[in-house]
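Please look over the sequence and the structure shown below before reading on. The report that follows describes the fold part by part, and it is best read with the structure open beside it.

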Amino acid sequence: MNHKLQENCGLFGIFGDAEAVQKTYFGLHSLQHRGQESAGIASSNGKLIICYTGIGTVSRVFRSGSGLLEKLANPITIGHVRYSTAGSTSPINNQPLLCEYSRGQVAVAHNGNLINASLLRDEYEAYGSLFKSTSDTEVITHLLAKPTHVSKPDPLAHVLNHLQGAYSLLFLFDNRIEAARGPYGIRPLCIGQTKKGAYVVASETCALDAIGAKFIREVEPGEIVRLDENGLSSRFFVKAGTVTPAHCIFEHIYFAKQNSTIFGENVHEFRKKLGRQLAKEHPANADVVIPVPDSGTSAAIGYAEQCKIPFDMGFVRSHYVGRTFITPNQKLRELEVKLKLAIVNEIVAGKRVVVVDDSIVRGTTTRGKMRTLRQAGAKEIHMRVSCPPLRFPCFYGVDFPTKEELLANNRNLDEIKEFLEVDSIGYQLLEGLLSCAGLPADHYCTACWTGKYKIPVDRPINKFAMERYQLDMFDDFSRVDG
Ligand code: SF4
């Protein structure tokens, strides 16, 4: 994928484990692909919650020798890694978001995007509420604290019914964790258990594997799972069967880690199926199949298997190039592409090459890669994409460019081929994509290809919608609460 789309967060929580904080660190580390802008951990000793968050990756924020994990050492813990899709990259928006209200402390960690957040915020501000962040998540804490909500028999369930959009949420109260998944189940959330019996919740099963916990099941759409001293209990805030799920199928195509199982299916296997299906739809006469690593790799394996063309690693990705590389002109931009994705000349020189990628967003980076392939001597380039052309933005927690910036907006396939400077182009059909999925087709969100949003978006919130609240005055590692 070029100009990577960004997921907006990863969640991890564990109840009743002597090494809860260390395990949260490892769990978050394994979810780092879901967000690298900030990381945070909140923990409770049963009475008091403390929290530390910072800008950067997990290993940077909780750097070795800082003593932070030791300070946070408590048996009830939640953690968060963030990429901002609503609210800017500023320490004020780091999570977990810790606050205090009439019932005590609560720390909140959120993965998703609330499409009614700015509406709710305006309502609260009209009555004088003060907000300290620009993220959509803070609205949830105001809903929790509202006196008429606090007095309800199940305040949390009541609050969740006010939220619209995509959300998987962790709430850390002094004596428990409550994990909730939105009624549409757009973002994943799963439950596991350690060998010693401690319950764990995480965005993806790869985080369970990272700490040696076994997968139990997914949190169901519309379910709240409570972890406390009595173990695990469950309740639903939306009547079961009243909402058809809208799992984000892009999680399977690109976001989730290959070793994770989400929406009932292993991600790597799903992507291989996509590759096989793509080869049936768009075969090619070629000498070698190469992936755009890492997210195109599984699909390329499937494509090569189906076409019986040798698979090889024509690109080698550098894991050490950050997102902030300055690219002021075309020449330097091409150098950046080469730096991020080096070519093994021997694999592609003089060959007819099939390149498999998971998706194409703006197309400019893909074109750069194709140019470097030509420079390395590729005789023919056949681009194959394991999802259909992206034509519409996402309002459910993925940072898309504007519709106008998407390569496939207002371009037909010939124009895309010309733009990318390739010999042929083949995108997966939507029907082909859905035929690979284990659940019925109507259980997935496909809005970025179809423009059909299952949750109506009247007043969308995106990364920039709340920038009027922006305060860029905080330093890294600015907040130690509690
Ligand atoms: S619009 Fe696309 S990226 Fe967003 S939730 Fe739907 S399938 Fe996922």
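## An open parallel sheet

An open sheet is formed by 4 strands, which follow the order β18-β21-β22-β24 and pair in the parallel sense. Since β18 and β24 stand at the edges and each has a single partner strand, one side of each is left without a neighbour in the sheet. From one strand to the next, the twist averages 20°. The model described here is a predicted one, and the values in this report should be read with that in mind.

Within this sheet, strand β21, made of residues 352-357, runs parallel to strand β22, made of residues 380-385, and 6 bridges join the two. One of the pairs can be named, for R352 has E380 in β22 as its bridge partner. Helices lie against the sheet as well: α11 touches β18, β21 and β22, and its direction makes about 165° with that of β18. Helix α10, which covers residues 267-281, lies across β21, β22 and β24 and runs at about 125° to β24.

## A hairpin and a buried strand

Strand β3, residues 38-44, pairs with β4 in the antiparallel sense over 7 bridges, and S44 is the residue that stands opposite I49 in β4. The hairpin of β3 and β4 has 4 residues between the strands, and in this hairpin G46 takes a positive phi near 105°.

How many of the residues of strand β4 are buried? In β4, residues 49-55, the count is 7 of the 7, so the strand is largely enclosed by the rest of the structure. In a regular strand, side chains alternate between the two faces of the sheet. In β4, I49, C51, T53 and I55 point one way, while I50, Y52 and G54 point the other way, and all of these are buried.

## An enclosed helix

Helix α5, residues 138-145, can be read in a similar manner, because 7 of its 8 residues are buried and it is therefore largely enclosed by the rest of the structure. The buried residues of α5 are E138, V139, I140, T141, H142, L143 and L144. What covers these buried residues includes the strands β6, β7 (104-114) and β8 (165-173), together with the helices α4 (117-126), α6 (147-150) and α7 (155-160).

## Backbone exceptions

Most residues other than glycine have a negative phi, and most peptide bonds are trans. The table lists places in this model that depart from that pattern.

| Place | Feature | Value |
|---|---|---|
| Q95 to P96 | cis peptide bond | omega near 5° |
| P293 to D294 | cis peptide bond | omega about 0° |
| N410 | positive phi, not a glycine | phi about 60° |
| E421 | positive phi, not a glycine | phi about 60° |

Each of these places can be found in a loop. P96 belongs to the loop between β5 (76-82) and β6 (97-101), and D294 is found in the loop between β18 (288-291) and α11 (297-307). N410 lies in the loop between β23 (398-399) and α15 (413-420), whereas E421 has its place in the loop between α15 and β24 (424-427).

Are N410 and E421 exposed or partly exposed? N410 is exposed, because its relative accessible area of 72% is over the cut-off of 50%. E421, with a relative accessible area of 33%, is partly exposed.

## Cysteines and cavities

The structure holds 0 disulfides. C307 is partly exposed, with a relative accessible area of 21%, whereas C394, at 17% relative accessibility, counts as buried. The two values fall on either side of a cut-off, because buried means under 20% relative accessible area.

C394 also appears in the description of the empty space inside the model. Rolling a probe the size of a water molecule over the atoms shows where empty space is left. The structure holds 3 cavities of 30 Å³ or more, and the largest cavity has a volume of about 100 Å³. Which residues lie nearest the centre of the largest cavity? Its lining is made of 14 residues, and those nearest its centre are R187, C248, C394, C445 and C448. The helices α9 (249-255) and α17 (447-450) each supply at least two residues of the lining of the largest cavity.

Key: Residues are numbered from 1 along each chain as its sequence is written. This is a predicted model: local features need pLDDT of at least 70, side-chain atom pairs count only at pLDDT 80 or more; totals for chains, interfaces and linings use all residues. Side-chain values use heavy atoms; hydrogens and water are left out. Buried means under 20% relative accessible area, exposed over 50%, partly exposed in between (1.4 Å probe, protein chains only). Two strands pair if DSSP finds at least two bridges between them. Axes are lines fitted to C-alpha atoms, for helices over the stretch in contact, and angles run from 0 to 180 degrees between N-to-C directions. Contact means heavy atoms within 4.5 Å. A disulfide is a pair of cysteine sulfur atoms within 2.5 Å. On a 1 Å grid over the protein atoms alone, a cavity is a set of points where a 1.4 Å probe fits but cannot get out, and a pocket is an open set with protein on both sides within 12 Å along at least five of seven lines; lining residues have an atom within 4 Å of a point. Grid points are joined across faces, edges and corners, and a volume is the space filled by probe spheres set on the points.
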